[in-house]
Amino acid sequence: MGVTRSKSAGKPSSLIARAALVVAACQLGACVETSNLYSRDITAVTPQCDPVLFIVSLNNDDDDGRGGADLNQARLPANEDNLRIFTFNHPGAAKVFIGEPVLVRGGTSAVGKGANKRVRAYSVNAAGAPGRAFAFNQVYNTPVTFAMEGTQASGGRNDFGFEYDYRNAEDQHVCGPGAQGTVVDAQGTISVEKGHGTNFSVNRKLLIDSTVSATSTWAPAGFNPTWQYDGTGTIATPNALNTNFTSQQTLTPVANRDAHHLAARVTDSGMSIDVHTPLNITAPVHAEAPAAWQTRPTRTVTTPWLNANPGNISLFSSQIVYELQDQFHEDIKDSAWENHEVQIQENIGLVLTSPIPAVNAWMGANLNWTRPWVNKPSARINDNLNALQIPNNIIVVNNAGRLSFVPGLQAVGGVLMNLGTSTHQWEASVDGALPTVVTNNSFSVATSATRPRGGGIEIQLTSTYGVVTP
């Protein structure tokens, strides 16, 4: 009975209970997802007059998400980055002869696919995009550029190579000692607990303060990577092949989505290969109201005519179900939650007030609101607004047996209850960290009409609730 705000079911579980649930879920194989990392080549090769050693990655990831390794596709994905770029341009030369890559042992061609091959090569246009297969054993006018893709991991370092010969305009030799290379098979995985969210591999998003583990493998032997992250987080490196990464309480900027990467990187001869994954660090920072409340964010409900005789008053009954969202205005459920809980709380009990002392006392005894933090595995806020069957004696005075409404409500604009200069705020957090206001709603109940009746005054009360989501 009375004015109530029904809070969402559920209270924060104890740490012991939560840990027990997590262990049980893990034992069922439901909590940890292992996701593959991508690989890429970094830095171009610009052969001059000194011997060249280079590395190129095995193109066994799936950059375009079509399924299967990119090296098995006839055409390169538009976003292909497992390519080592070679640019031939020497200030003392006008031409260059580029020989076909061959295996060091046996001297057979290393171009193509299969156990006795290593690479494919593509011409590169002026815009830097790879195109048709590059033709070796030809003389080109400089500058000339091609892209090399690894198709089979090397059996050892520098097990294939090619010759090149810079020439002047008269076809006379300038220099060109040759190049030797290694196709590096760089692979990695990242293990993330899904929690109440979504598998990490779907959107590459983590909640703040999440910890993930990552591993990498490299062949041929001898490549020892370093782990790095170009965003905000902490890397703990037990050894070169394994690491733990903990995201900090700094959200990935919206403009930098997928721009920050956790990577295990090898640098050799001035070139780099890494295995990496985008990490987008998120938290609940927005609340999306239902479509009906977005199109009509302010609602009013007016009572029938009320008299001061003993009875009850019903003001309103409504519900708003908000979906909690991250900084990208996408459902926070789209991120991996690891061991964390999204939580909510509100301030209505701190800011709702009345100029009528009896109403204040009654609200203090009957108001039901969400405080302190409450776990929300559903990632929803159920904002139930109910003011039903209020005993009207809290707004009625008895003067020598004559009942009437308190003087403040006997004129249009008289306030029954409101938020004063404050707003009704819902906050969201991750285990109480990074609390963020997700609503700044308005609320008031006031006299909207009066009329004389039976020697007294009847009134109508209008309740107004406005939704504002920053």
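**Entry 1: the β10-β6-β13-β14 sheet**

Before I start on sheets, I note that two strands count as a pair if DSSP finds at least two bridges between them. The model I'm looking at is predicted, and I keep that in mind throughout.

I looked up a sheet of four strands and found the order β10-β6-β13-β14. The sheet is open, and its pairing is antiparallel. Which strands sit at the edges? They are β10 (138-141) and β14 (173-175), each of which pairs on one side only. From one strand to the next, the twist averages 35°.

Then I went inside the sheet. Strand β6 covers residues 95-98 and strand β13 covers residues 164-167. The two run antiparallel, and four bridges join them. I picked K95 and asked which residue in β13 is its bridge partner. I got R167.

A reminder to myself for strands: in a regular strand the side chains alternate between the two faces of the sheet.

**Entry 2: the β5-β11-β8-β9 sheet**

Next I found another open sheet of four strands, with antiparallel pairing, in the order β5-β11-β8-β9. Its edge strands are β5 (84-88) and β9 (130-133), and each pairs on one side only. Here the twist averages 40° from one strand to the next.

I checked how many bridges join β5 to strand β11 (residues 144-150). I counted five, with the strands running antiparallel. One pair is easy to remember: F86 has F146 in β11 as its bridge partner.

**Entry 3: a hairpin**

I moved along to strand β19 (residues 233-239) and strand β20 (residues 242-247), which pair in the antiparallel sense over five bridges. A hairpin of two residues joins β19 to β20. Looking across the pair, I saw T234 standing opposite T246 in β20.

**Entry 4: S57**

I wanted one residue to follow closely, so I chose S57. S57 sits in strand β4 (residues 52-57). Is S57 buried or exposed? Its relative accessible area is 0%, so S57 is buried, since buried means under 20%.

What does the S57 side chain do in there? I found a polar contact with the side chain of N82, at 2.9 Å. Leaving out residues up to four places away in sequence, S57 touches R40, D41, N82, G150, V183, V184 and I273. N82 therefore turns up in both lookups, once as the polar partner and once in the list of residues that S57 touches.

**Entry 5: W369 and a cis bond in one loop**

W369 is in the loop between α5 (357-366) and β29 (374-375). W369 counts as buried, because its relative accessible area is 17% and the cut-off for buried is under 20%. I also checked W369 against I394: the two are 25 residues apart in sequence, and from C-alpha to C-alpha they are 21 Å apart in space.

P372 lies in the loop between α5 and β29 too. The peptide bond from R371 to P372 is cis, with omega near 0°.

**Entry 6: more odd backbone spots**

Why note these down? Most residues other than glycine have a negative phi, and most peptide bonds are trans.

I found a cis peptide bond joining T142 and P143, with omega about 0°. P143 is in the loop between β10 and β11.

I also looked for positive phi values outside glycine. D258 has one, near 65°, and D258 lies in the loop between β20 and β21 (261-268). Its relative accessibility is 37%, so D258 counts as partly exposed. D431 has a positive phi near 50° and lies in the loop between β35 (426-430) and β36 (433-437). At 32% relative accessibility, D431 counts as partly exposed as well.

**Entry 7: the whole chain**

Finally I zoomed out. The protein chain has five helices and 38 strands. Its C-alpha trace spans about 120 × 50 × 30 Å along the principal axes. I looked up the radius of gyration and got 34 Å, while a compact globule of 470 residues would be near 23 Å. Of the 470 residues, 47% count as buried. Among contacts between residues at least 6 apart in sequence, 74% join residues at least 24 apart.

How confident is the predictor? The mean pLDDT of the chain is 91, and 93% of the residues reach 70 or more. Over residues 1-30, though, the pLDDT is below 50, and this stretch has 58 contacts in the model beyond near neighbours in sequence. Where pLDDT is low, the predicted coordinates should not be read in detail.

Terms used: Residues numbered from 1 in each chain as written. Predicted model: local features only at pLDDT ≥ 70, side-chain atom pairs only at ≥ 80, totals over all residues. Heavy atoms only, no water. Axes fitted to C-alpha atoms, helices over the stretch in contact; angles between N-to-C directions. Buried < 20%, exposed > 50% of the residue type's maximum accessible area, 1.4 Å probe, protein only. Polar contact = N/O pair within 3.5 Å; in protein donor to acceptor, adjacent residues only side chain to side chain. Contact = heavy atoms within 4.5 Å. pLDDT = per-residue confidence, 0-100. Rg over C-alpha atoms; globule rule 2.2 N^0.38 Å.
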